[in-house]
Amino acid sequence: MRTATRTTSDTPWERAGMADIVRADRAAYGSGKSPMANAIVEQSGVRIDSERRRGRGAGVNPTGRFEPITRHVFDDGWETLEELPPFKTEVQIEKPRTIITRNESPDISFDRSINPYRGCEHGCVYCFARPSHAFMGLSPGLDFESKLFAKPDAAKLLEKELAKEGYTPRSMAIGTNTDPYQPIERQYRIMREILEVLDTYGHPVGIVTKSALVERDIDILSRMAGRGLAKVALSVTTLDRRLARTMEPRASTPAKRLEAIKTLNEAGVPASVMVAPIVPGLNDAEIERILDSAYAAGAREAGYVLLRLPLEVSPIFKDWLLRHYPDRYRHVMSLIRSMRDGKDYDSEWGKRMKGSGPYAWQIGRRFELAAKKLGFNKEKRHLRTDLFVQPEGAGKQLVLL
């Protein structure tokens, strides 16, 4: 086995080492259709052996788009590819100087968020956060779900930032990029420490997760919710265990997520449901069933987000689709492009979450009608900010005795 290097081209997907998946996508619409497309990807060598990526979502590991070279693993005749080790979860410690990330996007409801981790072991193949791993010199593919970064100083940094002069409290969003309750949280407990700080100083928080591990912190969350300071949204993508297993392999099962919604609501923690992402041709037929199941579990607020395929997510998702649902490949990708002005993705504000065109409109109306019929979204829960007590910290003059 050798690792070959070559300088990158000016084509974005070639920079990511995904030119072969672009070729496969074209073949899927030609006479060869999906079998030919799969053959192209297999012969290219970009697809990682199934034994090495067992239990992972992505099937490829393209070089980050900012790297000056791309690396291609191939058999040089010594038949040593079988000696390559499987992808195991590795965690590095990250020491950021700040922990609160600010946001000014006009189509997002929050202006600040916290990410306790970088990368996510859940391995959701569609995750729009995958491209962020390229900033670390790593791949948005298998690296994103196996080479993780933890921020153990997050709670201390948060307390320090809350103490800054002029800080104005607004709802803190957690789980908007990578999941704060991914499996490594069991060991690192960073999210719990963050909640303890927010609880201590009366700061509101909204959490989005795919993990039933959120139930572990029900003691803190119920205490905060009793003061109007906390709410949780569980993302339920599908009720089909087989689809969930392949699409989001290390996230909690759909049944566990629904159970978490029920447990949280019974404990007084407002737990809503996010039907996200909606993948046309795969899980869009489940919209009504998911909403019905979530309502029965106690959820009273619901939302949805359409599949997003920015940057490297597009070829990673296409490879996954060819591996698991080759017979649906053309149908799914055609529907996606019909909602994205003929492209895999349209990042325009206001369009990126919901799409555009007749099929996107139909999905929106189906969701709205089902939610209204069940009784969702009659009232919007707003978190309180008037209970915030700023911690003593740098920049505050000490009282002289």
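User: What makes β9 and β10 a pair, and in which sense do they run?
Analyst: Two strands pair if DSSP finds at least two bridges between them. β9 and β10 have five bridges, so they pair, in the parallel sense. Strands here are DSSP runs of E, at least two residues long, and helices are runs of H or I, at least four, each numbered from the N terminus. The model is predicted: local features need pLDDT of at least 70 and side-chain atom pairs 80 or more, while totals for chains, interfaces and linings use all residues. Residues are numbered from 1 along each chain as its sequence is written, and side-chain values use heavy atoms, leaving out hydrogens and water.

User: Which residue is the bridge partner of G206 in β10?
Analyst: K231. On β8 (residues 172-174), three bridges join the strand to β9, again in parallel. There I174 stands opposite I207.

User: What makes β4 and β12 edge strands?
Analyst: Each pairs on one side only. The open sheet has seven strands in the order β4-β5-β8-β9-β10-β11-β12, with mixed pairing. Neighbouring strands are turned by 25° against each other on average, direction ignored. β4 pairs with β5 (residues 112-114) in the antiparallel sense, over three bridges. Within that pair, T101 stands opposite S113.

User: How does helix α10 run relative to β10?
Analyst: At about 165° (axes are lines fitted to C-alpha atoms, for helices over the stretch in contact, and angles run from 0 to 180 degrees between N-to-C directions). α10 (residues 254-266) lies across β10 and β11. Helix α14 (residues 358-374) also packs on the sheet, touching β11 and β12 (contact means heavy atoms within 4.5 Å).

User: Why is M339 called buried?
Analyst: Buried means under 20% relative accessible area, exposed over 50%, partly exposed in between (1.4 Å probe, protein chains only). M339 has 2%, so it is buried. M339 lies in the loop between α13 and α14. Its contacts include P280, L306 and Y359.

User: How are F66 and F135 classed by exposure, and why?
Analyst: F66 has 46%, so F66 is partly exposed. F135 has 58%, so F135 is exposed.

User: Why do the rings of F66 and F135 count as a pair, and of what kind?
Analyst: Rings of Phe, Tyr and Trp (its six-membered ring) pair if their centres lie within 6.5 Å; planes under 30 degrees apart are stacked, over 60 edge-to-face, and the rest tilted. These centres are 5.0 Å apart and the planes stand at 40°, so the pair is tilted. The two residues are 69 residues apart, and the pair links distant parts of the chain. By this rule there are six aromatic pairs. F317, W320 and Y325 form one aromatic cluster.

User: What makes R300 sit over the face of Y295?
Analyst: A charge sits over a ring if NZ of Lys or CZ of Arg is within 6 Å of the ring centre and within 35 degrees of the ring normal. R300 lies over the face at 3.7 Å from the ring centre. K354 lies over the face of Y304, at 3.6 Å.

User: How do you know that the buried residues of α2 line one face?
Analyst: They are I21, A24, D25, A27 and A28. Seen down the axis, they fall within an arc of 160° (taken from the directions from the helix axis to the C-beta atoms), so they line one face. These residues pack against α3, α12 and α13.

Notes
Lists of a residue's contacts leave out its neighbours within four places in sequence.
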